[in-house]
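User: Hi! I have a new model open and would like a friendly walk through it. Could you help me read it?

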Amino acid sequence: MAKKLMLILNPCAGMRAANRCLADIIGLFCARDFVTTVFVTGKRGDATRWVGEYGAQYDVIACIGGDGTFNETLHGILESGIRAQIGYIPAGSTNDFANSLGLPLDPMAAAAEIAEGAPRPFDAGKFGSRYFSYVASFGAFTHASYSTPQAVKNFLGHLAYILESTRDLPYMKPASIKLDADGEIFEGEYLFGAISNSTSLGGILTIDPNIVDMNDGKFEVMLIRPPETAADLAEIVRALTNRQYRCGMIDFASAGRITVLSNPETGWSLDGEFEPGQDGVTIENLHSAVNLLCK
């Protein structure tokens, strides 16, 4: 019996390579007995809205786009309580989530994994009332993920984020944070913080894949203090390079439930999408919340 596939396309993602092979992607799904309906996003929030309105009619909900498109699709599924399996054809500028999973970056190969793969459970996150797939972050590097113009991201890819982040560094003010990670308390001024389920953050920072398990019910928490001297900066670089994250300049932990108290002016990024700051927020790991079709 044919399966019903909801395919959401962000036509502006990345270099728009997936647009050029959309007919081939649909043909691949048809050949494997999927009845495919395509939805094309025109503005932020479309993917979430369409999943909420129509997703229950489909066996599989897949998206073509970057981490933000996947975030919206995932949010729609979890918010609506839909039990459909999810598929991801990465077509963005950085594709952190896809890189962490080892998903193919070739659109046809990624489509084949959806059609021929099996559902694998993965953790998701909940930031207050909003869902995310792999990272909630604040501070340096975070602003670049949602402020860099799409045309610049498409042209420069990873370099766009690096250039934007470097430009922001002299003006970055540390955030005053108190964080409870499953009872372990961290408090102080931090230049950057991430609660993540990924080995790649913005194509700029990486976490040891031997530490990250994307279905263990826990996030990795990384908090970087602002360097005041060249020695401080050297310590940060050395810790990140050697993947020895606990040091005087970096706090690191793994936790399933994180509570953060901060200035509400401290903005966040969820999978590269802006999230306003709050006085306090609870971030929960939703263990095995996502059934992703892959090999």
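Analyst: Happy to; we can go through the overall make-up, one helix, a helix pair, the salt bridges and two unusual backbone angles.

User: Great. What should I know before I start?

Analyst: This is a predicted model, where local features need pLDDT of at least 70 and side-chain atom pairs count only at pLDDT 80 or more, while totals for chains, interfaces and linings use all residues. Residues are numbered from 1 along each chain as its sequence is written, and side-chain values use heavy atoms, with hydrogens and water left out.

User: How many helices and strands are there in the chain?

Analyst: The chain has 10 helices and 18 strands. These are DSSP runs numbered from the N terminus: helices are H or I with at least four residues, and strands are E with at least two.

User: And how much of the chain counts as buried?

Analyst: Of its 295 residues, 55% count as buried. Buried means under 20% relative accessible area, exposed means over 50%, and partly exposed is in between, with a 1.4 Å probe and protein chains only.

User: What share of the contacts comes from residues 24 or more positions apart?

Analyst: Among contacts with a separation of 6 or more, 73% are between residues 24 or more positions apart. A contact here means heavy atoms within 4.5 Å.

User: Let's pick a helix. Which residues of α2 are buried?

Analyst: Leu22, Ile25, Leu28 and Phe29 are the buried ones in α2. They cover an arc of only 120° around the axis, which puts them on the same side of α2. That arc is taken from the directions from the helix axis to the C-beta atoms.

User: Why would residues a few places apart point the same way?

Analyst: An α-helix has 3.6 residues a turn, so residues three or four places apart point the same way.

User: What covers that buried side, and what is on the other one?

Analyst: The cover over the buried residues of α2 includes β1 (3-9), α1 (17-20), β2, β3 (60-65), β4 (85-90) and α6 (107-116). On the other side of α2, Ala23 and Ala31 are exposed.

User: I also clicked on Asp24. Where is it?

Analyst: Asp24 is in helix α2 and is partly exposed, at 49% relative accessible area. Its C-alpha is 7.6 Å from that of Met108, although the two are 84 residues apart in sequence.

User: What happens just after α2?

Analyst: Asp33 takes a positive phi of about 70° there. Asp33 sits in the loop between α2 (22-31) and β2 (34-40), and is partly exposed with a relative accessible area of 42%.

User: What is the usual sign of phi?

Analyst: Most residues other than glycine have a negative phi. Asp271 also has a positive one, near 55°, in the loop between β16 (268-270) and β17 (273-275).

User: Is Asp271 buried or exposed?

Analyst: Asp271 is buried, with a relative accessible area of 2%.

User: Switching to salt bridges: how many does the structure hold?

Analyst: There are 12 salt bridges, each being a side-chain nitrogen of Lys or Arg within 4 Å of a carboxyl oxygen of Asp or Glu. One of them joins Lys43 and Asp46 at 3.1 Å, N to O. Lys43 is exposed at 56% relative accessibility, whereas Asp46 is buried at 3%.

User: Which salt bridge does Glu273 form?

Analyst: Glu273 pairs with Arg44, with the closest N and O atoms 3.7 Å apart. Glu273 lies in strand β17 and Arg44 in the loop between β2 and α3 (46-54), so the pair ties together parts 229 residues apart in sequence.

User: And what about Arg246?

Analyst: Arg246 forms a salt bridge with Glu184, the closest N and O atoms being 3.3 Å apart. This pair links the loop between α10 (230-242) and β14 (250-255), home of Arg246, with strand β9 (residues 184-190), where Glu184 lies, 62 residues apart. Elsewhere, Lys43, Asp46, Arg49 and Glu53 are joined into one network by salt bridges that share partners.

User: Last one: how do α3 and α4 pack?

Analyst: α3 and helix α4 (residues 67-80) pack at an angle of about 35°, with axes 7 Å apart. The axes are lines fitted to C-alpha atoms, for helices over the stretch in contact, and angles run from 0 to 180 degrees between N-to-C directions. Residues meeting there include Asp46, Ala47 and Val51 of α3 and Glu72, His75 and Ile77 of α4.
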